[in-house]
Amino acid sequence: MTLTTTRRAPTAPPEGTTVLAPGRRRAHGRGLRTLLWALAVAVPLAFLAVFFAWPVVVMLAKGFVVDGRLDLSGFADVFARPRTWRIVGLTLAQAGLATALSVLLGVPGAYVLHRRSFRGRAAVRALVTVPFVLPTVVVGVAFRSLLVEGGPLGFLHLDGTFAAIVAALVFFNYAVVVRGVGGLWERLDPRAEQAARALGASPWRAFRTVTLPALAPAIASSASLTFLFCATAFGTVLVLGGLQFGTIETEIWVQTTQFLDLRAAAVLSVVQLVVVAGVLTVAGRARTGRERALALGGERQGERPLTLRRTPGTAPGDGHALALGAAAVTAAVVVLLAVPLVNLVVRSLRVGDRWGLDHYAALSDEPAGVTVSVWTAALTSLRVAALATGIALVVGGLVALVLSRRPRRPAARRALSTMDAVVMLPLGVSAVTVGFGFLLSMHEPFGLHVDLRTSPLLVPIAQAVVAVPLVVRGVLPVLRAIDPRLREVAATLGAGEGRVLGTVDWPLVARPVGLAMGLAFAASLGEFGATSFLARPDAPTLPVVIFRLIGRPGPDSYGTALAASVVLAMLTAGVVAVCERLRSARGGLAVGGEW
Amino acid sequence: MARSLSRSRAARVALTSTVALAAGLTLAACGSDEPAPGGAETGASEAPASGTVTIVAHDSFSLADGQLDEFTARTGIQVEVVQPGDAGTLVNQLVLTKDAPLGDLAFGIDNTFASRVVDEGVVVPYSSAVPAAADAAQHAFGDGNELTAIDYGDVCLNVDHAWFDEHGVAEPVTLDDLTEPEYKDLLVVPNAVTSSPGFAFLLTTIAAQGDGWQDYWSALKDNGLKVAEGWSDAYFTDFSGGGGGGPRPIVLSYASSPPYTVPEGGTEPTTGALLDTCFRQVEYAGVLAHAKNPRGAQELLDFLLSDEVQEQIPTTMYMYPVSTTVDLPADWAQWAPLAEQPYEVDPVEVAENRAQWLEDWSETVIG
């Protein structure tokens, strides 16, 4: 793939390029540098080893080691069950189909929401992110009350079907693709496509042969994230389809939390790991080699307003029809995404036979059995999410920094690509396995005299483990795309190292960091992953309070739970919007991440 | 030179970040120590009136506002609450951590899990001497005193009176009615595998139908049974009388659910429980083996049996107190009677057959 532009491509300089710099900079000791690099590698790896790999290994060992001896007979038993093959098939079918649909719908969405401008775009971008964080009990209400017989969409007869699960998975993950592909698309230099058009290619052909290949790494990256989220979804699958559409993840959940059959759970965890590793490998192949070879422009360079009418003076066949098609698809998807959310809001306003804000007024109550008000829980959620995001940014930032290097030795390069895949695993390994693993491994870990299992610190740490891959995928492409010559020029002109950092690197990285921060924050607010299995101490977060409220009889608890869910949705939309602002406040050369 | 420049820049970032992380973790670690100064170790050896006691409970555990503070004021013992999940998750986590328990006292083990907990040696015997202990003994599990009953309730089918009035159909009364054609497509129950009331209803049918229980479920299925994932899903989304406005007028819930459906300005509930379809559920507390503060755990267990906690149990946990000396809330006394002859299954039998029953149930009902 070659993109012809007049702009300098911010790729790394050819190997061996040297640039003269003021001599005093050479004074840095080589030893210190090596030490700091070693730390940059060691800190995140240690974090993931302690808070991810170790719990998983302990949990698997519980299933495979019987009386001190390794016992792998579980594999034969589990694979002898016809059900196992069915759930592996169902997992691949659900995740594969939902990923394909998310990409098919998300790519036009990325074009409309990131390449075209229109009034209310920021609001729409925030809206599509909201589903990402809704607790599954709430999605159950939002979706099922629409689909249930007699419900507004009951005539579709989708309740409890495979199609409903896939639709819900797309509902969750549409934003992943839109943000992932859009982040790259908005800074893709439009002149390559324009050149193809000038040479006689039709708009469709120009898109297919020039733009689409350029977007391939972002599409592969978003698709692999979507696949991971889908393959490990369990609440959604259980609520919408029940066990007849069970996946590997729901089966691990059932075997662990209901049957305590750790042997079967361990076998299934290994199967899941194999599936996930396979997908990551394929996605990694599709990504590497393309990630750095792109010609990127400034963010707004290729952005045009979205108009329903053809711009006067342009000829037919200028791609207007293509743009309108994308806009129509996106509008339809946004309406479909909005329907369950609107349903939620409408239901939260229903008080008996009338309408009112009573359930919102009740948010400041401390209902018996819930112990805190919704507002208090929201504050707890924000505090925990901020801590989790902080940890994820540090760990994920270091990982991205390390991965953005291009060592010359092939062995080192291979090590980096392995590390790239490994940091994604927290999204692909069963939350149940990690959560129960915490339980088994965090009591006086490594001989330390602390019981981390019931420590309030474990919740943000567990959330950070899931958020790290999001940060890495968001920040890494930009770090890789920074032209080292910019720094060299600044240094040659006499800027000190701090000044180079502040004036060259930070403005470039700030926006993708902002975006990644938004998603990490959202993932934390939504309580992804292992968090739901932790023995949480007495300061419940918002999703926990929603869960408790909806577990109580009476229309009032139900209404308050729905109102609290609306609060959670608004909170998320707000956080995402603020992070969008952080992005657009920086102009000029700034480039976005894959997110 | 270009490389080394960018390297040292990166290295500085790395250093700064590392320091920040380390500082963050240290700070946070210090912070997390605060609520339990000195804590558990002193409690175990010294007089009971000190230290911290940790209660490990299911999601639905809660006491009335300020009751734990009162306990602390009276005994000097701080209470921490950890809640790992639903009843099944709680029990399995207790089993997995029995050598190094998550706390001192467990609460929320029901009679369907009691046998697993006792067999695994998760809890140790304790005989409370408070007055309500005699009442609790009426619901005892086994004779080893490992578990003390705190509350109980009935898992029963509920019907939406309004729906049956409106459609001119007589309400069902017994389990067998539900397989009749006039009740086709009217019943929703939670999944027995993923929901504990769902499992309780499975036990009801096993107690009622004996070996024919699978045939009974086949008949239910043929008659349009709907299986939802959990209680709230069934009650609020599928049930017509729960406030969510679903389509089905018969749902599996509790004998205590009807009082909460008295409409605004109304005088009687719009739903009722079918008392011939109930399973008696008992919830136990037990002192954990290897607890750091067993004395504190015992005092807290006594407190759970005290009248002040017992009389709040209906409002905080929607269960009936074991104590016979406290009054039920007025609306409970009027609208939430218990079954006179609830179905019961021997907990030992449940422990032996749970996995097989659930597998058979899944095969019959889910397919």
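**Exercise 1. What percentage of the 595 residues in chain A do buried residues make up?**

Welcome! Before solving this, note that the model is predicted: local features need pLDDT of at least 70, side-chain atom pairs count only at pLDDT 80 or more, and totals for chains, interfaces and linings use all residues. Residues are numbered from 1 along each chain as its sequence is written, chains are lettered from A and ligands numbered from 1 in the order in which they are written, and side-chain values use heavy atoms, leaving out hydrogens and water.

*Solution.*
- Start with the term: buried means under 20% relative accessible area, exposed means over 50%, and partly exposed lies in between (1.4 Å probe, protein chains only).
- Now the result: buried residues account for 59% of the 595 residues in chain A.

**Exercise 2. Find how many residues of helix H4 (residues 87-96) of chain B are buried.**

*Solution.*
- Helices (H or I, at least four residues) and strands (E, at least two) are DSSP runs, numbered from the N terminus.
- In H4 of chain B, ten of its ten residues are buried, so the definition of buried as under 20% describes a helix that is mostly covered.
- Among them are Leu90(B), Val91(B), Asn92(B) and Gln93(B).

**Exercise 3. Follow the salt bridge of Arg144(A) to its partner.**

*Solution.*
- A salt bridge needs a side-chain nitrogen of Lys or Arg within 4 Å of a carboxyl oxygen of Asp or Glu.
- The partner of Arg144(A) is Asp233(B), with the closest N and O atoms 3.1 Å apart.
- This pair crosses between chains, from helix H5 (residues 136-147) of chain A to helix H10 (residues 231-238) of chain B.
- Arg144(A) is buried at a relative accessible area of 1%, and Asp233(B) is buried at 8%.
- Widen the view: Arg144(A), Asp159(A), Lys226(B), Asp233(B) and Asp238(B) are linked in a network of salt bridges.

**Exercise 4. Which parts of chain B does the pair Asp154(B) and Arg280(B) tie together?**

*Solution.*
- The two side chains meet in a salt bridge (2.5 Å, N to O).
- Asp154(B) lies in strand S5 (residues 148-160) and Arg280(B) in strand S9 (residues 271-288), so the pair ties together parts 126 residues apart in sequence.
- Both Asp154(B) and Arg280(B) are buried.

**Exercise 5. Compare the burial of Arg354(A) and Asp358(A), which share a salt bridge.**

*Solution.*
- Their closest N and O atoms are 2.8 Å apart.
- Arg354(A) is partly exposed at 34% relative accessibility.
- Asp358(A) is partly exposed at 33%.
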